[in-house]
Amino acid sequence: MKMQAVLFLILSFISLTHLFAAKSIEQIEFDLKKVPFSYFGSYMSLSTRNADNTLRLSDHTNGNKTIADILTFTNNEQFALDYKATPVIVIAKSEGKSMECLFENSNILRIRTDGLDLKLLFNSKAHNFIKIPGLSNTFKIRVHNYVFSVIQGGLELKQIDDNNLSVLVRKDAGDKIEIAIEQFVGDWNPRTYATPFDSCRSNSQAAIVEWDNKFVSAPSEFEESRKLASYLLWSNAYNPRGLIKRAGIGMSKNWMDNIWSWDNCFNAIALSYAHPNLALDQLHVILDHQDDSGCLPDYINSNKLSFNSKKPPIYGWTVLKMMENMEIPLLQKQILYEKIEKLTNYWFVYRDEDKNGIPHYYHGNDSGWDNSTSFLAGVPLESPDLLAFLSVQARLLSILAKDLDKQSESDFWEKESEKIKERLISNLWDGKRFFFRNANNHQQIDNGTSLMQFLPIILGEAIPKSVSKKMVEKVSNTSHFLTLHGLATENISSDYYESDGYWRGPIWAPSTAIIVDGLKRAQYTELAREVALRFSKLCNSNGFAENFDAVTGKPLRDPAYTWTASVYIMFLNEYFKNE
């Protein structure tokens with residue numbers, strides 16, 4: 001009994017050690033060169049992407065625009081700082097001097113210093129700066145709809161040249177400065193910033209903790225990265241404004257700061273585990289702009305939307321994934337049914353001009369695989385993934401129609417799903433692999449080096465075993481696609497393979513998610529779990545980059561991308577969550 005008691009105490013101590021060692025979300029730290037500091041709903045962010053580590057205030061209303069560089073001075077000499085960023089606050093301390101930055105709310109950034117003067121270099125013509133009558137320490141930046149107010153300290157404006165203005169804030173007698181930078185939409189009335197700085201910090205902490213607590217924790221190996229993924233989803237959200245009609249999560253507040261119309265689907269799936277209403281909003285933020293033809297915009301931001309390209313129709317697959325994790329109200333099912341039916345019909349009406357039942361892509365961007373080698377022989381391209389997506393989408397429509405007591409429509413879409421699948425196999429499967437065809441002459445394109453050929457595995461159990469078996473043999477080949485880190489988008493032995501070739505080599509989250517889910521549904525569960533594990537470990541080690549070198553795992557392009565974070569959350573919930 002004594003031995004059992006001792007063992008119990010040891011195990012209890014180990015458990016407590018892990019408990020206290022684990023950081024809560026407000027304590028995790030990240031590099032401002034890679035991960036911007038922002039707040040749920042905000043169109044502002046702070047980062048230090050420039051080489052000299054200068055703190056930069058950016059605006060994301062219509063693409064990433066620099067509003068100001070923020071510099072610190074002492075005795076009229078620039079005083080360099082190193083920044084420590086958490087989801088709640090950015091802090092820099094050196095030689096007894098400090099600067100702190102946080103958000104009071106989505107529209108107000110607060111900054112305070114101790115022992116340092118502040119200089120802000122605004123990237124705008126001098127005539128856009130309006131001093132507010134009666135408020136000596138406040139001015140508006142007219143073209144960007146910002147207000148700059150000094151709460152504590154003294155304000156000096158100095159024109160540098162026609163395109164730049166310097167704002168110097170001198171510390172007060174107590175060596176302190178505090179300022180507020182507020183973004184407004186229509187116009188701004190004078191106000192005070194009465195909430196104390198430390199209270200803003202407490203409020204922000206409470207907000208991010210409440211957000212994160214709704215996600216299921218992960219094993220200790222993955223938990224800190226899970227919290228960073230959670231923060232990325234939270235901090236990349238935009239409040240409704242302009243064309244963004246509901247809270248929408250952008251892809252990044254680095255430079256890929258729009259909402260794209262398939263990226264949003266992976267964010268919706270991740271949110272379906274914890275924030276179901278917001279998950280549905282990620283679909284509707286794009287569906288709100290569905291054209292009369294049924295097509296969806298390529299991307300939106302608050303000021304602009306573009307229909308120049310399309311994106312693959314994965315909304316059916318997305319909703320099926322979401323329904324595994326959340327209840328969708330009947331009214332929402334009705335809306336989704338109508339929108340997704342219209343989207344499905346679009347591809348057969350507008351992208352199947354020869355009416356052979358095989359829609360096509362006009363450009364690599366339409367597929368989401370912008371420069372994939374599948375498009376080397378030209379466009380329009382009959383691509384097997386497109387038919388597979390549409391078959392899955394028809395399957396969803398059948399399920400939704402049944403839930404809505406539309407039995408005849410349910411029967412129609414069930415049959416249509418099967419017909420589309422059969423058309424796929426009879427036209428784009430040669431007995432060894434799925435291939436691509438030129439839509440003008442229907443000639444097979446002899447290029448089997450892109451991972452894109454394996455996307456029909458999304459059909460899961462609906463795909464014949466004889467087909468899926470051959471697909472699995474090829475996709476799991478460690479000399480071709482499956483590396484130590486996951487699935488390369490181009491055969492690593494191919495002449496076209498490039499380590500940083502965008503869709504010609506690097507590992508991407510969306511392709512990984514679709515193939516893993518298809519493998520699981522097709523009963524290749526061990527392989528599905530292994531690929532998910534490799535990808536999760538890759539993110540755990542190298543962050544949530546837009547994509548990764550397939551051989552080395554090096555993060556590439558945008559270093560803080562939400563769909564990568566979302567697929568990580570998706571895999572943790574499906575394969576590695578704490579029971």
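Arg246 is partly exposed, with a relative accessible area of 24%, where partly exposed covers the range between buried (under 20% relative accessible area) and exposed (over 50%), worked out with a 1.4 Å probe and protein chains only. Its partner Asp288 is also partly exposed, at 28%, and the two side chains form a salt bridge in which the closest N and O atoms are 2.9 Å apart; such a bridge is a side-chain nitrogen of Lys or Arg within 4 Å of a carboxyl oxygen of Asp or Glu. The pair links distant parts of the chain, since Arg246 sits in the loop between strand E16 (237-238) and strand E17 (248-249), while Asp288 sits in the loop between helix H5 (276-287) and strand E19 (299-300), 42 residues apart. Helices (H or I, at least four residues) and strands (E, at least two) are DSSP runs, numbered from the N terminus.

The model is predicted, and for this reason local features need pLDDT of at least 70 and side-chain atom pairs count only at pLDDT 80 or more, whereas totals for chains, interfaces and linings use all residues. Residues are numbered from 1 along each chain as its sequence is written, and side-chain values use heavy atoms, with hydrogens and water left out.

**Salt bridges**

By the rule above, the count comes to 31 salt bridges. Three of them are set out here, including the one already described.

| Pair | Closest N to O | Separation in sequence |
|---|---|---|
| Arg246 and Asp288 | 2.9 Å | 42 residues |
| Asp198 and Arg112 | 2.9 Å | 86 residues |
| Lys321 and Asp517 | 2.8 Å | 196 residues |

Asp198 lies in helix H2 (residues 197-212) and Arg112 in strand E8 (residues 108-114), so their bridge ties together parts that are far from each other by the 86 residues in the table. Asp198 is partly exposed at 45% relative accessibility, and Arg112 is partly exposed at 23%.

Lys321 in helix H6 (residues 315-323) and Asp517 in helix H12 (residues 509-521) form another such pair, but here Lys321 is buried, with a relative accessible area of 0%, and Asp517 is buried at 3%. Both residues belong to a network of salt bridges that also links Glu324, Lys520, Arg521 and Glu574.

**Two helices**

In helix H4 (residues 263-271), 9 of the 9 residues are buried, so this helix is largely enclosed by the rest of the structure. In helix H11 (residues 465-475), the buried residues are Val467, Ser468, Met471, Val472 and Val475. Seen down the axis of H11, these buried residues fall within an arc of 130 degrees, so they line one face of the helix; the arc is that of the directions from the helix axis to the C-beta atoms. An α-helix has 3.6 residues a turn, so residues three or four places apart point the same way. On the other side of H11, Ser466 and Lys469 are exposed.

**Backbone details in loops**

The peptide bond from Val379 to Pro380 is cis, with omega near 0 degrees, and Pro380 lies in the loop between helix H8 (364-367) and strand E21 (381-382). His442, although it is not a glycine, has a positive phi of about 60 degrees; this residue is found in the loop between strand E22 (436-438) and strand E23 (444-445), and is partly exposed, with a relative accessible area of 33%.
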